[in-house]
Amino acid sequence: MSPLLYGHHTDECIVAVHQLNDSLVRIYKRIEGKATHEDVEFFPFFFLADASLITGFPAFYWIKELAGQHDYKHLLVFKRWNEMWEGVNFVLNQYNKTRRPRAESYQDVDSLLFRPDPVYQYLMQSGKTSFKGMSFRDLNRVQIDIQVYSANQRLTDALKQQCRIVVISMSDNLRWKQQLDGRKLDEKEMLLQFIALIQAKDPDIIEGHEFFSFVLPYISQRCELLGLDLTLGRGQHALKTYQKRFYSEDEFTVYDCPGRHLIDTSHLVRTYDYSKRSLEGYDLNHLSAHFQVQQSVAIPKHRVTSVWDESPEILLQYSLGNARVIELVSERLSPSNFYLAQMCPFGYGTLAQLGSSARLESLVLREYLRQKHSIPRPQRGSQAVGGYTDIFSTGVLENVLQADGESLYPSIMISKPVKPRTDTLDVFVPLLRELTSLRLKAKSNMKRAKSARSRSHFDAMQSAFKILINSFYGYLGYSRGLFNDYQQADVVTSTGQTILRSILKEIELFNAFPIEVDTDGIFFIAPDNIRGEKNTEAFVERVSKTLPAGINLVLEGRYKKMLSYKMKNYALLDESDNLIIRGSSLISRSMERFSRLFVQRCIECLLTDDIPRLHHTYASFTTLVRNHQWEAADFCRTETVREDLETYTRLVEHGQRNVSAAYEAARKAGLYFKAGERISYYVTGTHQEVKIADNCRIADEWDSNLPDENTAYYFGRLNESAEKFREFFEPEDFKIIFSLDDLFGFSPKGIRILTKKVTREKAEGAKESEENEEFGIWLGENE
DNA sequence: GGACTCCGTATACC
DNA sequence: ACGGGTATACGGAGTCC
């Protein structure tokens, strides 16, 4: 097991670490199902750039001069956590004696490199990590769902007397379930039993949805109101909260459950959707649909109170169903974090909330600390080059192939190689090599696996490796990365561009026809004589052979039809007739649902060459709009608000912000909102050209008996969507298809879908030879 | 006052 | 607490004639 990747200590079965006092951490292990613990000494530390800032500090500390020439060249180690804080504050004061502007907190002291997380510090210095020798199923995970009685399900109601928790549902990963019923128990008794149940089950992990933003704050505020200690931690330790202020202004509450980990599935889902983009919403009702989890009913938030009044059994059932959804969502999304926790020196719950750069950096820092080497400071600047994107043809094309440079950026970093200039100990590239080879192994184990359980085990493992592998390039250009290096990031991207251009040239040489390229891959039509699975594979392989060592081109997809619209905007019809639509101008979530559906139908017609149906689609959508044959959900827009109501109103009054429709609609409806909430609104009025911020209402206010949406405006929106298809037809044909003038009946006769070559006025000729030269030099290096 | 450009924000691709 | 650059869409403000 690689110490670089997994830490230099081989201790197994650690399920949690927590700070017991100023000098001890308690380590919990779960061996053969039983939880045990031991207490060990740990030594708080931080890095310092300027040793004079600690001169004169009265308490005991060690100072170690680190090897190398990087900025953070002193390691300060303390015996006690409180003395470390005194050290930090001493440094802050010394700093403020001479530096301007004054540093408000340690975070502003650039001479200080410090992470005030005792678990992280202990794992860093010991080389231990969580979960070694365990599998995800060895953990005991409990899920919690609460339902609260209040007028509008707001967190701010948690302190009101007339509000209360009416249901607490719990489940675990071994199908245990338990429910506390607000009809039988008062709230205090419910909370006491809840705490007792957690202590009895003794889970390693507690999971919930909107856990940090709603469930835990609500529970802890009710406990405070009722005078209860919320002792959810191991060893009867209470749940701890503290306020964290980041570089931005807003504060938020961090929860720490001693000896356990807290997982918010809404965060898992957001991270998941960040790359998949397949979710319409993040609440549990959406999740049960998306992850195909059985859920008997779906109760919207604003209905909870009335459901409890009318039929409490239904709410009880719903809440238990929620706990089950949380369990299954976590089972799907958590395992990759589990395997990351075997590598990265963070508590599992902390890790789940971190970005990929912090994860990668923790591995590097652990090794620099182990070798007692100085640490560089982030470089200021920005990247100059990105990926190469281009489009060569628009229209509907047949027999399209997609070929990608396999893990292009990581492959470039390995084979060139590319590493931060500050990586004196040469950690990055070996780490990347190791991860790549382990990922290959995990993938081949996955293919050979006999059971579904074993397959998903290896799948989660390879995806943990993939997460780290894919963060190497982004890290180079990350402004806060200690080892960032913008020049090297540019080397990766410009090399990627060169490779992509060379792929383009090669396939053209073979008489293939390129459609579009983007960053690491290409859509193209194979030459006439290359048809069928075998031949196309061989063709891609032949092109791949022309690329530098370590760079592979692989066939990613084979499609019956492709609609090429604009760069990064296209649709594909695969061999099983699945339709895939990509690009913000074709499927954006900011489009109204009817526009999205209209565009989708039109694309279907275009890909199946069904012009009569295309015309019919336009006509029938026109009828829907004209006759109000729809629901608010079909034509409203949903936006995420960035500020709460007060902040918005203040900024607008001071002219620091423009008015915006979503805010105005909510304000007029008397609806309070917080930053980050999503608001759905629609456009009112009678003219197409209305100022939207003055003519909008909240979607919930729409009444099908008195429809007041702006028909002219929405008809205009339909026509705007139709405009996207103008370039696929001759002007007169477009006019016939997208109109209602059917006096003589609609006839598709003579109408043809146009395919156009995209012409650009770029003058690229001069650059070409230069790039080839660079390419040649690199080839030379590899031989 | 209408047509135009510019710019910030939102969303998406890789 | 936070990988990145490239691309399209859109509303609002400012600018020009």
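**Exercise 1.** State how many bridges join β16 to strand β25 (residues 756–757), and in which sense the two run.

*Solution.* Step 1: 2 bridges join β16 to β25, and the two strands run antiparallel. Two strands pair if DSSP finds at least two bridges between them; strands (E, at least two residues) and helices (H or I, at least four) are DSSP runs, numbered from the N terminus. Step 2: Ser393 has Lys757 as its bridge partner in β25.

This is a predicted model, in which local features need pLDDT of at least 70 and side-chain atom pairs count only at pLDDT 80 or more, while totals for chains, interfaces and linings use all residues. Residues are numbered from 1 along each chain as its sequence is written, chains are lettered from A and ligands numbered from 1 in the order in which they are written, and side-chain values use heavy atoms, with hydrogens and water left out.

**Exercise 2.** Describe how β16 pairs with β19 and with strand β18 (residues 521–525), and say how many residues of β16 are buried.

*Solution.* Step 1: β16 and β19 run antiparallel and are joined by 10 bridges. Within this pairing, Leu563 of β19 is the bridge partner of Val396. Step 2: with β18, β16 pairs in the antiparallel sense over 5 bridges. Here Phe523 in β18 stands opposite Gln402. Step 3: β16 spans residues 393–405, and 11 of its 13 residues are buried (buried means under 20% relative accessible area, exposed over 50%, partly exposed in between, with a 1.4 Å probe and protein chains only).

**Exercise 3.** Give the strand order of the open sheet of 3 strands, and explain why one side of β22 and one side of β24 are left without a neighbour in the sheet.

*Solution.* Step 1: the order is β22-β23-β24, with antiparallel pairing. Step 2: β22 (637–640) and β24 (696–698) are at the edges and have a single partner strand each, so one side of each lacks a neighbour in the sheet. Step 3: from one strand to the next, the twist averages 40°. Step 4: β23 (residues 678–683) pairs with β24 over 3 bridges in the antiparallel sense, and Tyr681 has Ile698 in β24 as its bridge partner. Step 5: helix α24 (residues 661–668) lies across β22, β23 and β24, at about 65° to β24 (axes are lines fitted to C-alpha atoms, for helices over the stretch in contact, and angles run from 0 to 180 degrees between N-to-C directions).

**Exercise 4.** Is Tyr475 buried or exposed, and which residues is it in contact with, leaving aside neighbours within four places in sequence?

*Solution.* Step 1: Tyr475 is in helix α16 (residues 471–476). Step 2: its relative accessibility is 1%, so Tyr475 counts as buried. Step 3: with those neighbours left aside, the residues in contact with Tyr475 are Ser357, Leu360, Glu361, Phe428, Gly481, Leu482, Phe483 and Asn484 (contact means heavy atoms within 4.5 Å). Step 4: the side chain of Tyr475 reaches the backbone nitrogen of Leu482 at 3.1 Å. Step 5: Ala358 is 117 residues away from Tyr475 along the chain, and their C-alpha atoms are 9.0 Å apart.

**Exercise 5.** Classify the ring pair of Phe60 and Trp62, then the pair of Tyr565 and Phe728.

*Solution.* Step 1: rings of Phe, Tyr and Trp (its six-membered ring) pair if their centres lie within 6.5 Å; planes under 30 degrees apart count as stacked, over 60 as edge-to-face and the rest as tilted. The whole structure holds 45 aromatic pairs. Step 2: for Phe60 and Trp62 the ring centres are 4.9 Å apart and the planes stand at 85°, so this pair is edge-to-face. Phe60 is partly exposed at 41% relative accessible area, and Trp62 is partly exposed at 39%. Step 3: for Tyr565 and Phe728 the centres are 6.2 Å apart and the planes at 45°, so this pair is tilted. Step 4: Tyr565 lies in strand β19 (residues 553–566) and Phe728 in the loop between α25 (711–723) and α26 (731–737), so the pair ties together parts 163 residues apart in sequence. Tyr565 and Phe728 are both buried.

Note on methods: Polar contact = N/O pair within 3.5 Å; in protein donor to acceptor, adjacent residues only side chain to side chain.
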